[in-house]
Amino acid sequence: MAFVQFSQVSLSFADRKILKDVTINLQTGTKAALTGTNGSGKSTLIKVLAGFIQPDSGTRAVQKESRIAYLPQSGLTHQGCTLLEEADKAFEYGYQLQQKIDDLGEQLQNNPPNMESIAQTQADLIQKLEESGWHRRQALAESVLQGLGFSRQDFDRQTEEFSGGWQMRIALAKALMQNPDILLLDEPTNYLDLEARSWLEDFLQNFKGGFLLVSHDRYFLDVTINEVYELFNGDLKRYKGNFSHYEKVREVELKTLIAAYEQQQQEIQKLQDFITRFGYKATKAAQAQEYQKKLDKMELIVIPESMKKIHFKFPPAPHAGQLVLRLNGITKSYDGKTNVLNNLNLTLENGQRLVVTGRNGAGKSTLLRIIAGEDTAFTGEIKPGAGVKIGYFSQDNAETIKGSQTILEYMEENAPLELIPKLRDLLGAFLFRGDDVYKSLDVLSGGEKSRIALLHLLLRPVNLLILDEPTNHLDLHSKDVLLNALRDFGGTVVFVSHDRGFIERLATQVLHLEAGTHKYFPGDYTYYLEQLEKQNEGPDNSGGLGKSGVPEPVEGPQKEGMSQGPSTSSGTAGTTLSWEEQKKLEAEKRKKEKTLANLEKQLEELEQKKSELEARLADPAVYSNGEKAKAVQREINDLAAQIEEVTEQWMLASE
């Protein structure tokens, strides 16, 4: 059984102890996660395990011939060969074994005196080579590369043509194809979409060796690991069970720690108060000095950031009507030949939280840019509802964060007045802790700027949030803070994420994009997966659904004016309609579309009038006059009742 074992390992950087007498044993069959707050030293520990960093003290034992594969968070690039040629480098171990086998074969041809020993050594090497999968390397390479999202057309592309995220996918593929005894993966899901993550989950579940991984994807951890190592203040502790179980156990443990922390904070406050009040009085100076010594010697209790409960609420969303946005026939092409989006129709209503899914390149980010008004080079029509105010986040927002201001100064300048007292906590939730808040904007990394851009957006009063990968660069605690805020948000959310747990807990509808087509699922992510499962079962088990496994009327492209909700098809299946019947159906359809359009126009006008009256009510000349204020309020109440009535008619017409 292969193993890597560390005993009493310690490591310090300057005056900071990263690892304190850490002991860990990884062996065949280990399925473990390494967790801890950002900056706790997780990546450092993995590099020590991989042999890239030497510890200050302790022992490292690795079973002879055990093979270790290591994937860092970022920074790997490949060039000078095709994708398949680069993938073949993962089988270097097999090539070395084959060379040894060939060398021994040549020795055997000369009938040496120790022929039996050489023949046995050769047989052992042949068995190792077979177990390594080297003879099946081409099929394995193609399977792993396709599982991680590469197409067959990519196989002959030069590696330098791939972007940074795809470069890390190449590195991950090579680590997996090595079929090592121990696999060390630092944030392997960072650059993977949902499909690639699902494939990696299956791979790790069936992996015969042992692995230790770092990830901020709770769902991914829950389905792949059965033990957790937590690195906290340099100490390493092991917990059995999946990640959710670890969190429950850790929460119970930390209740005692939090109680002790609060008691210690009270004692510290009393000592500091005494020193401040009596430190300069001759009669109390000696006692004050004793208290200061006591403070200096006190071993402070530290609460992990993940246990500091921060609840963030958005500024109140400005009022908007029931109809937030309508997309009619949106078509987008980058080369004039292939449509990334093809005749896409979508209706967004107030309060919805729509996730857009699909493989990389399916058009998710493109659609979000179009909705946000960042991309205007498309055909079709976008009709925003009354009072809609859009907030848009993408990784490109980081480019606008620049200047000599500190992070705290920048956020104080842009935050609503009522949220300024909470800024330090909010910055902490977004991984800017302690003196980090005094960093200049110009020295921040791309990931740090993205977090600042996201927090800056969330502090603005909007009612339609469009978020492209908002959880990138966030740890689990930060994701939870963001998730809770979005679930309490009073407006509408359209988002893209590759974090399944985040999607499952947030999305109320799903729009799936694939190869120029789209399918709308009027339910949460669980409903979406159920429909996909029915689709895979085939038409005989579709439960009344169309061939696609979803209600046929919601599969794009659609006719303009049709609702994106489920409905029944006109006509009788398998029956050819006469010209008169077709004409009658078309007339009915046009009549319904006209009714729907009239109701939408009426809603917009009513919403506009109501907004104007609300603005009048804020005028001192009105609210200071009791009679005028009452009259305006009566008009507002009447309009609100009309809006509610017309909204019900609109919803019925939409259905």
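The protein chain has 20 helices and 18 strands. The model is predicted. The chain holds 655 residues, and 46% of them count as buried. Its accessible surface comes to about 33,600 Å². Carbon and sulfur atoms account for 48% of that surface. Contacts were also sorted by separation along the chain. Among contacts between residues at least 6 apart in sequence, 69% join residues at least 24 apart.

Threonine 30 illustrates a buried loop position. The residue is found in the loop between β2 (16–27) and β3 (31–35). Its relative accessible area is 7%, and because buried means under 20%, threonine 30 belongs in that class. Several residues touch threonine 30. With residues up to four places away in sequence set aside, they are Asn25, Gly209, Gly210, Phe211 and Glu227. Asn25 itself falls within the range of β2 (16–27).

Two residues stand out by their backbone angles. Glutamine 8 is not a glycine, yet its phi is positive, at about 55°. Glutamine 8 lies in a strand, β1, which covers residues 3–13. Its relative accessible area of 44% makes it partly exposed. That class applies because 44% lies between the 20% limit for buried and the 50% limit for exposed.

Alanine 515 also has a positive phi, near 50°, and is likewise a residue other than glycine. Here the setting is a loop, between β17 (509–514) and β18 (517–521). Alanine 515 is exposed, with a relative accessible area of 73%. The label follows because exposed means over 50%.

A charged patch was found on the surface. Asp524, Glu530, Glu533 and Glu537 gather there, and the charge of the patch is negative. One of these residues, glutamate 533, has its place in helix α17. That helix runs over residues 525–537. Glutamate 533 has a relative accessibility of 49%. It therefore counts as partly exposed, since the exposed class requires over 50%.

The individual residues thus fall in several settings. Threonine 30 is a buried loop residue, at 7%. Alanine 515 is an exposed loop residue, at 73%. Glutamine 8, in strand β1, is partly exposed. Glutamate 533, in helix α17, is partly exposed as well.

Definitions and conventions
Residues numbered from 1 in each chain as written. Predicted model: local features only at pLDDT ≥ 70, side-chain atom pairs only at ≥ 80, totals over all residues. Heavy atoms only, no water. Patch = residues over 30% accessible without salt bridge, like charges linked within 9 Å, V, L, I, M, F, W, Y side chains within 5 Å. Areas by Shrake-Rupley, 256 points an atom, 1.4 Å probe, with all protein chains shown as cover. Salt bridge = Lys/Arg side-chain N within 4 Å of Asp/Glu carboxyl O. Lys, Arg positive; Asp, Glu negative; His and termini not counted. Charge placed at Lys NZ, Arg CZ, Asp CG, Glu CD. Helix = DSSP H or I, 4+ residues; strand = E, 2+ residues; numbered from the N terminus. Buried < 20%, exposed > 50% of the residue type's maximum accessible area, 1.4 Å probe, protein only. Contact = heavy atoms within 4.5 Å.
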